Structure formats: structure tokens, C-alpha cells
Amino acid sequence: MYTTSSILEVLTSVKVSVSDPKSEIQQLEYDSRKVRQGEKSLFFALKGLRDGHLFIEDAYRKGVRNFVVSDRGLDADTYVGANFIWVEDTLVALQKLAAFHREQFMIPVVGITGSNGKTIVKEWLHQLLSVDRRCYQSPKSYNSQLGVALALWEIQQEHEIALVEAGISTSGEMERLTQMIRPTIGVLTSLGTAHADGFDSKEQKFAEKWQLFEYAHTIVAPSDAVMSGFLDERCYLWGQSPEDKVYVQSLEPQANHTLAHIRVEGVSHTLTIPFIDKASVDNVLTCVTVLSALGYAISMIQERIAGLRPLEMRLQLKKGKNDCSIIDDSYSNDLVSLQIALDFVQQQNQHPYKSLIITDFIGSKWNDKFKSKLVSLLNAVSFQKIILVGESIQQIAGDLHAKVHSFTHTEDILSALSALDFAHETILIKGARKFGLERLGQLLVQKTHDTVLEINLKSIEYNLLQYRQRIPSGTKLMAMVKAFSYGSGSFEVANILQFNKVDYLTVAFVDEGVELRQGGIRLPIMVLSPHEDTFEDLLSFRLEPEIYSLRILRAFIAFLDDRSVDDYPVHIKLDTGMHRLGFMPEEWEEACTILKSTLRVKVKSVFSHLVGAGNKDFDDFTDRQVNLFRQEADQLEKALDYTVVKHICNTNGIVHRPADHMDMVRLGIGLYGIDTSGKGLGLQEVGMLKTTVTQLRHLPAGETVGYDRSGILHRQSKIATVKIGYADGYDRRLGNGVGKMAIGGHIVSTVGNVCMDMCMLDVTDIDVVEGQEVVVFPDIVQAAKDIGTIPYELLTGISSRVKRVYYYE
Ligand SMILES: *Cc1c(COP(=O)(O)O)cnc(C)c1O
């Protein structure tokens, strides 16, 4: 057990203020929004993208009494009864504590790194080893400087082996991870190409990754990835060379599995690997080699790998039947991944009702501490129903605040499903893999057709932070969620933005705003083009109109007169050069006079829109727009006698016009991962449009593909039909070789005309199987260029019949 004083012994403090040295510490926290058991938490004020010191007050309010901070100026006296430890660098301190905790365990610690496959190898090893050992694995994507520290903290006394993933993106990072994890067994999954991530050369990248194994006694890796200077007696390799410990003599692909003929210690074996794609086969061979290094007999390994399944490792949010939202996380169950899933549930406000389906925990020992932690986690979310599946999980039934239903086996709940009456609610499905809750997920989720747009909500958060960093902390941020969030969906995206405390949301039309309100969005919402017919809805759903002409201004005031409403918030749009909507300079005098003389509306903000903020050629024009705007906005403020929020910058304006951020900025396309600034902002991709190969056929030279015989084959060809056409938003101009898609990492071209619901790809040069996944826009910026449009059009053109699947990764 840790207390404030035992933690003080571990950390190098520069100053302390401790009133209760015996205060018990169980949890480490860094995000005040996620604090649950405040009184047993130690809060690290990290200097990340947002300074954690700003959230100390919030954490204190949630009961936290122990803080690690670095700001000397912080006044501890304002927090009665709290303990403060000052250090030079709070992240370093957190890592130091994690390293100390890890040192308490003499168990094997497997450190996994590599360019691809580390998460899947970790998950598979967990599945393979949990059969006979209590196995800890770092959760999901906890592989960064912060993530690894938090993951190590969760290793408990009962664990017999720990699997920890280490990810690095630039040189110099691995050293710190190594000192924390100190793997006894190292695993390198793959190396990948050199320039894919921040390294100068393949050698540099390899050397950096290899550092993780400094203290390891055994290193598992594919022999072809290991650079010759690094080979030593610790290496336990697999590959095509007879010297390899696991010597892969040949691989024989079958219809749905691969036969691997291997030799281990001079004895030949045949493994049945339940996959055919190269990446999965490689990852299985890595797992086989780790198990062999741990001393498992090949016969036993053989038996266990036959049961491996591809992992759907994301927390997915899907549309369910009966207007439910399903959050599917049915492949693992441990406290940390449960915590992540619960955080996600709390961000989702589209339904007031929330339910949980949860199974036994595998690989965790039930004791009072575990039980009380689990109960307090679950009770912190206001679930209406909790459905317990399994035997040991029933122990908590009496302690839960929700209505509890109990089932021993997954089959029992499957047959009782209709009686549970799921409707209009958010359902979290959280279960250990062996319970096979994905069957339940399939029953609850609405069927999707083959083409989906996957939206990574975490990337939206990340992109938001990139822009937040570029604006001063006092400047407000308005997020544009018009046009179905540039194609990405409505309340799912708005929920994430609300959770991340943007100041305003903006939609194009009133009905979009209504949908957000019905989805539980409480933020102020501006509507760009309100029509007279929709004023009633504006009022009932507290939506704030953009007022863009004298006509609409008069009409709205008359409407408010009729309803006797005062001080209704509005936003005034000025036309400074866009010539779309907005008051022209010649109308401005009159508009100001009307606004000054009415009590019906209250001007919340005044704004204008830049025509070409990112384009140097238009700098003079942009200057003129800004100057005119400033002048007119001043005029309005003088007339009104109160201050109003002024804003003019869109995404490109945020980057290129830092002097013109004013009181608020309006972030649009950048949020969705598209960088039009030309500055390489390193945004994360948000949406990925995917489809599958429906059919493959081999055709001789001279045949043609598709309507009007435009796809002439000049050689013997292999053609794949995929289920996406112009009715899905795949532009017809992308036909006949213009459009590129990616299959298994290979780029292929369209052939022939794009049809309404399908199109065809030339896959002659690559290995493909029917049913394989296809990424439709591997490079959406380039695709837009190729057909003479802009990414905005491609994104918003993805038809609403294409299902959106959300995940948080
Ligand atoms: C769409 C829109 C934005 C956002 O533009 P981006 O280029 O996507 O950042 C900002 N302001 C107004 C008025 C808009 O209509």
C-alpha cells in the first residue's frame, strides 16, 4: 500500500506541503474529468497540451487531496487538508513512481515494440498465456511516455507475468521507456519502412527500438529484421534461416488458414495458423516464438494458437436496434480497459438511459480491494440497468445502484434478450473474450452494409488540441459541425467536442441544431442560415441564429415581439468580401440603428468570413477584409454600449493570421484531420471510408470492364468488384484509373466507369481474397486534386446511406 509519505520517499521533491502523510494512494490521475475515487488518488499536474495545474481546483473539488506539481507559485494554503509535492518535472516524477512500482515485482515482464503488430501480439500473447497464468497486459494503446507509466502502475501482487507495449515516434524516447519497463523478455514484432515515422534511417530506427531490450535476458524477433551488429546470445529468433530457433521452412496458404512447416530444436512440426494474410501470420509466428522461449512445448502451442481470432480491438460505437447506441468492447475485461470504456460512456449523452452488460474478469483475483474498486467504478456512472454475466461477477450484485439482472452464461442472456427490452439507451458491452459477447453485439446492432465510414473520435480530440495550442488561452473556440460534421456524423462528434469544452458549436440549418439538442448537446449552438419558417424551432431548442440581412433581422425581431421574448442571443454576420451572406457596408448604419433600439435581441457576437486566409496571393485582400471588419465591429459596439465577441478566423485563419484571432476562432476542416495550411501540422486522420472486395474475376486481354466498354484490358487481368459507387459519394470522375484505393497496403486503380453502387479495381499485381477490406481514399487530398475539387466536397459527399461507425482509440 502506498501513502503520501512512502511516495515522498520515491520522488525527488523540491518542496513539500503535507498535512496528512498517512493518506492512502491507490489511483494515479492526470485528467480531472476522469477522477472517480478522489480521496485515494494522486493527481499529477502534467504540462501537456493543456497545463494540468489549471485543473487542480477541479480535482480538489472531486475529493483529490494528493498532488504532484511543478509550479512554484502555486498556493497550497487555498486547498485545505491537501498534500502537495513539488518536483522539477511532473511527467518525470510519474515515470519514476511507475518504475519504482514495477521494481517491486520479480515476475517476467515482456516488453513489446515494433512498427506494426505490437498491440495485436500483446493481446494474443495475453490470450495464449492466460490459460495457465495470471497475466497482466497494458491496456489498448497505453504505449506512450504517459501511457506506459499508467499501465505499469496497474501491475498487482497476483500477476505472474506482465505484457507491456512500448511505442516511440522519435529518437530519444525509448531510453525513458526502457528505464521504466525494464523488460526481462523483449519482443520486436516488425520494423517497417524507415521514413514512416520520425527517423532518419532504418538503422537509427532499429537501434532505438532495440534499446528497449537493454536489461532483457531473451529477445524474440524475426531474424530478417535484426541488424547484424546487434546479434548476441540473447536473441531467440524466428525466420527462414536454419539457424533460427523457430526455423520456418515453408508456409502453405489454404482457403482460410495457413500451414506453417517449422523446425524447432531439430524436430519438424506443422502448425495450423488460422489466418492467411501475411501480417497475421507473422504476428502468430512471433507469439509462437515467445511461447517457445518461455518453455512451452510445440504441441501445446499448436493447440492454443488454433483458437486465435482476429481482434476487433477498438471501442466501437454503433447504431443499435430500437434507437439504441451500442458501445462494443467485448474482447477483454480488466479494470483499466473498463475505466476507458466507462469514460467513453460518460461522454455519450445521446440517451439519458445507460445500461451495462459485463462479464467475469479473467486473470484478476477477487479480493476486497478489487471488489470495492470495481463497485465504485460502476456506481460512478449512473447506469439504469447492469447485466452481470458469469459466476464470480455476481458477488457485486448487492452493491450496485442500478437495477441488476444476472445470467451465468452468455447463452442465457441471448435467450432472454427480448425480455430485457433495450430501447432508446446507450448500452456498453464489456466482457472477457471467452464469453463471446460479440454474438450479443451482433444481435443488438443494426445491420450495416459493406461500406462504412469509420470515424476516430480520439483523433478529433487530438486535432482540436493542435489548434488550441495555436490560440491564446483566453480566446474562445467555435467548432463547425455543419453538414453532418463535414460528413463525420452529428451528435457523436458534438459529444466529444462538448466533453472537451469547446465554447460554441455551429450548424448550417435549424434541423441540424435540433438533432444535436435531441442528442443531449447543451453547448450554445449557432445556426448559419436560419429561415423564417424555422424561428419557432430556434426558440424551442435554444438555437442562436446568424443574422445576415436587414430582412431577416426585421423578421426575427417581429417574431420575438409576437412572443414577447427579450434578449434573445443572435450573431451578426458582416459581408467583408465573401459576397455570400452578411450585411454590406452600405446597410450597416441602418442595422446598427435597429440593433441599438431593440431589446428583443442581444448580440452575442459579430463576425465575418475570410475568403482566402491560407493563400499568400490574397494577403492584401485579407488585410482589407480584416480592417473593414474591425471598423464595423467597433461601430456596432459603440452603438450597443456593451461588448460583443468578435471573430473572423476559420481553420486557415487560425494558422496564418495569428494577429487576427480576436475573441474567438471558428475551427472547421482542420478538426476533421485535413490540413489545408501547407504547414504540415501533423493532424490525425479522422474518417476512413472502407469497403470490401465483393467478387474477384480473371479476364483475358481484350475484354472490357463496366458500362460503355471504357475499361479496356491490355493484359490478362484480375479485377475486383467493390461495393461503392457514385450513389455512395464515390465521384464518377474517379473512374477509369483516376481513383486509387488501398488493399492490404497496396495501391490499386479503378478500371472502367464507376457504377451507381459499385466499381471495379485492377488488382492483377497483388494478392487479394474476396471479402478483404479496401480503403477507399488512401490520400483524400490527392484524390480531390485528381478530379479538380477540394477535400471538403469529397468528405461531405459521402452519402448518408454509408454507415458511420465511431471508435475511440
Ligand atoms: C464553414 C465555415 C467555417 C469553417 O471553415 P474551415 O475552412 O472549414 O475552417 C468558418 N466560418 C464560417 C462562417 C463557415 O461557414
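User: How far is an oxygen atom of the ligand from an N or O atom in the side chain of Arg 580?
Analyst: This is a predicted model, in which local features need pLDDT of at least 70, side-chain atom pairs count only at pLDDT 80 or more, and totals for chains, interfaces and linings use all residues. Residues are numbered from 1 along each chain as its sequence is written, and side-chain values use heavy atoms, without hydrogens and water. A polar contact is a pair of N or O atoms within 3.5 Å. For the ligand oxygen and the side chain of Arg 580, the computed distance is 3.5 Å.

User: Which side chain has an N or O atom 3.4 Å from a nitrogen atom of the ligand?
Analyst: The residues around the ligand, each with a heavy atom within 4 Å of it, include Lys 482, Arg 580, His 609, Asn 650 and Tyr 792. An oxygen atom of the ligand lies 3.2 Å from an N or O atom in the side chain of Asn 650. The nitrogen atom of the ligand, at 3.4 Å, is paired with the side chain of His 609.

User: What is the relative orientation of H20 and H21?
Analyst: Helices are DSSP runs of H or I with at least four residues, numbered from the N terminus, and their axes are lines fitted to C-alpha atoms over the stretch in contact, with angles from 0 to 180 degrees between N-to-C directions. The axes of H20 (residues 585–597) and H21 (residues 619–640) come within 9 Å and cross at roughly 25 degrees. Angles under 35 degrees count as roughly parallel, so H20 and H21 are roughly parallel.

User: How many residues of the contact of H20 with H21 are charged?
Analyst: The contact, meaning heavy atoms within 4.5 Å, includes Trp 588, Glu 589 and Lys 596 of H20 and Leu 628 and Glu 632 of H21. Asp, Glu, Lys and Arg count as charged; Ala, Val, Leu, Ile, Met, Phe, Trp, Tyr, Cys and Pro count as nonpolar, and the others as polar. Alongside 8 nonpolar and 1 polar, the number of charged residues is 3.

User: How many polar residues are there in the contact of H19 with H20?
Analyst: H19 (residues 550–563) packs against H20 at an angle of about 10 degrees, with the axes 11 Å apart, and that makes H19 roughly parallel to H20. Leu 550, Leu 553, Arg 554 and Ile 557 of H19 meet Glu 587, Glu 590, Ala 591, Ile 594 and Leu 595 of H20. By class there are 6 nonpolar and 3 charged residues, and the number of polar residues is none.

Terms used: Helices (H or I, at least four residues) and strands (E, at least two) are DSSP runs, numbered from the N terminus. Angles under 35 degrees count as roughly parallel, over 145 as roughly antiparallel, 65 to 115 as roughly perpendicular and the rest as oblique. A polar contact is a pair of N or O atoms within 3.5 Å; within protein, one must be able to donate a hydrogen and the other to accept it, and residues adjacent in sequence count only if both atoms are side-chain atoms.
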